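Colleague: I am new to this structure and would like a close look at a single part of it. Could you pick a buried spot and walk me through what surrounds it, then show me how the rest fits in?

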Amino acid sequence: MMIFENIKLALSGLLANKMRALLTMLGIIIGIGSVIAIMTVSTSLTNSITDTFADMGANNITVGLKQKSEEQEVRSNGMKFGKANRQFDISEGDRLSDEMITSLQEKFSEIKDISYEETVGSGTVKSGANSANINVSGINTGYYEANDMTLLAGRNISEADVKGNKSVIVVSDKVVEYAFDGDSSAALNQKINVDVNGVYYTFYIVGIYEYEDNGVFSSDSDEEITTSAYIPITTGKEKFHTDKGYEQVTVVTSAQVENVADLATEIEDFFNNDFYKTNEKYEVSTTTMSTMTDSMNEMIQTVSIAIAFIAGISLLVGGIGVMNIMLVSITERTREIGTRKALGAKNSSIRLQFITESVILCLVGGIFGIMLGFGLGATAASVMGYGAAVPIAAILIAVAFSMIIGVFFGYYPANKAAKLNPIEALRYE
């Protein structure tokens, strides 16, 4: 009951001296507000990066060949030297074969699909007098699981296209714009000739996807821009006479996989122990987007915490201000304290009263600081193009920290009030 009475007294004291209370809380408001604003921007940026990498396939595992390295080699004379960097040509026998991929899928139930993509050449789409530049890649249906692509018209490469080595192609809307005057209906099912290194290949357009600029600077004009075009992987190998197997594939994991990095390590060990143990030139290496995401988020969090810590120094200034105003308050209420003690109030009651007032002062300042900080953080995140995210943990910590500051900086004045001599206090003018 005593606590509720002390809270009422503290709130009535704040209302009675609004300007003094506001000036006292200013340091707390600025300190908490700065920390919350920084953490809001940090959380918003982290969420944006995570979403971006998720769209790029954060749970995908890239599996590719890597040249083996040895620390030493033995020469014919028996002497050992550090092995020089040597480049080996990747032979057909070194590449990841269909049999290996099948074994991988049978071994790991966590694998949802396998994405194949192999660039077969750059060329030009010819349609009458019009043309457009393209990079031709052979893909399978798993490519669409691993990559985010927006289809505007027609369809994607199908399993029937892959199995039947069909001469079909999916092009970008840029190709339609420059080679077909932007008429998608005229482009669909149209037979086109693709000039790759002076050799013409015939394909039928079955799909049109939306081209997205990757942000990389290019000196080419819009008319000369080169976009990707996709054909069945089997058609690419047949028409362009590329080697069997793959230098790199992308493993699409199921949503149930909790740790993609661990699965990547298991896949790497599977290939190297079962298929590449005797290969003297190459081994399999894996990389994941999640590792990059975690590293980037960790870096952002570290920088944000460092900046927030610097901004939090103003909380120390605010705490000193609270201590100062509490000492002034005790001086003004000396006779009141003397009266209460003369009537039998215990030292602990006096101490609790002033600590409660200090905590309420800091808590109210903390609430205003949270409101200010989130407002500033949300505005800054919006200006930078990120969705504002409320850092719940930071808010809870800020509230708790406000109360700790109130207890810490309020204890000395409260203890001083509790130890006042009631006779001297009553005689104070």
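Modeller: Let's start with Val251, which counts as buried because its relative accessibility is 0%, in a model that is predicted. You will find Val251 in strand β11, which covers residues 248-253. Setting aside the neighbours within four places in sequence, its contacts include Asn59, Asn60, Ile61 and Val63. Val251 also touches Leu104, Ile111, Asp113, Ile114 and Ile267. Lys112 is worth finding too: Val251 and Lys112 lie 139 residues apart in sequence, yet their C-alpha atoms are 7.7 Å apart in space.

One of those partners, Ile267, leads us on to Phe108. The C-alpha atoms of Phe108 and Ile267 are separated by 8.3 Å, with their positions 159 residues apart along the chain. Phe108 sits in the loop that runs between α3 (98-107) and β4 (111-127). With a relative accessibility of 6%, under the 20% cut-off, Phe108 counts as buried. Beyond its neighbours within four places in sequence, Phe108 is in contact with Leu263, Glu266, Ile267 and Phe270. So Ile267 is in contact with Val251 and with Phe108, because it appears among the partners listed for each of them.

Stepping back helps to place these pairs. Among contacts between residues at least 6 apart in sequence, 78% join residues at least 24 apart. The chain has 429 residues, of which 41% count as buried, and it holds 15 helices and 12 strands.

Now for some of those helices. The axes of α11 (residues 313-332) and α13 (residues 347-383) come within 11 Å and cross at roughly 140°, which makes α11 oblique to α13. The crossing is right-handed. On the α11 side, the contact is made by Val322, Ile325, Met326, Ser329 and Ile330; on the α13 side, by Phe354, Glu357, Ser358, Leu361 and Cys362. These contact residues divide into 7 nonpolar, 2 polar and 1 charged.

Helix α12 spans residues 334-342, and Thr334, Ile337, Gly338 and Lys341 are buried there. Viewed down the axis of α12, the buried residues fall within an arc of 100°, so they line one face of the helix. An α-helix has 3.6 residues a turn, so residues three or four places apart point the same way. Just after α12, Gly344 takes a positive phi of about 110°.

Technical notes
Residues numbered from 1 in each chain as written. Predicted model: local features only at pLDDT ≥ 70, side-chain atom pairs only at ≥ 80, totals over all residues. Heavy atoms only, no water. Axes fitted to C-alpha atoms, helices over the stretch in contact; angles between N-to-C directions. Helix = DSSP H or I, 4+ residues; strand = E, 2+ residues; numbered from the N terminus. Parallel < 35°, antiparallel > 145°, perpendicular 65-115°, else oblique. Left-handed = near helix turned anticlockwise from the far one by under 90°. Contact = heavy atoms within 4.5 Å. Nonpolar A, V, L, I, M, F, W, Y, C, P; charged D, E, K, R; others polar. Buried < 20%, exposed > 50% of the residue type's maximum accessible area, 1.4 Å probe, protein only. Arc of directions from axis to C-beta.
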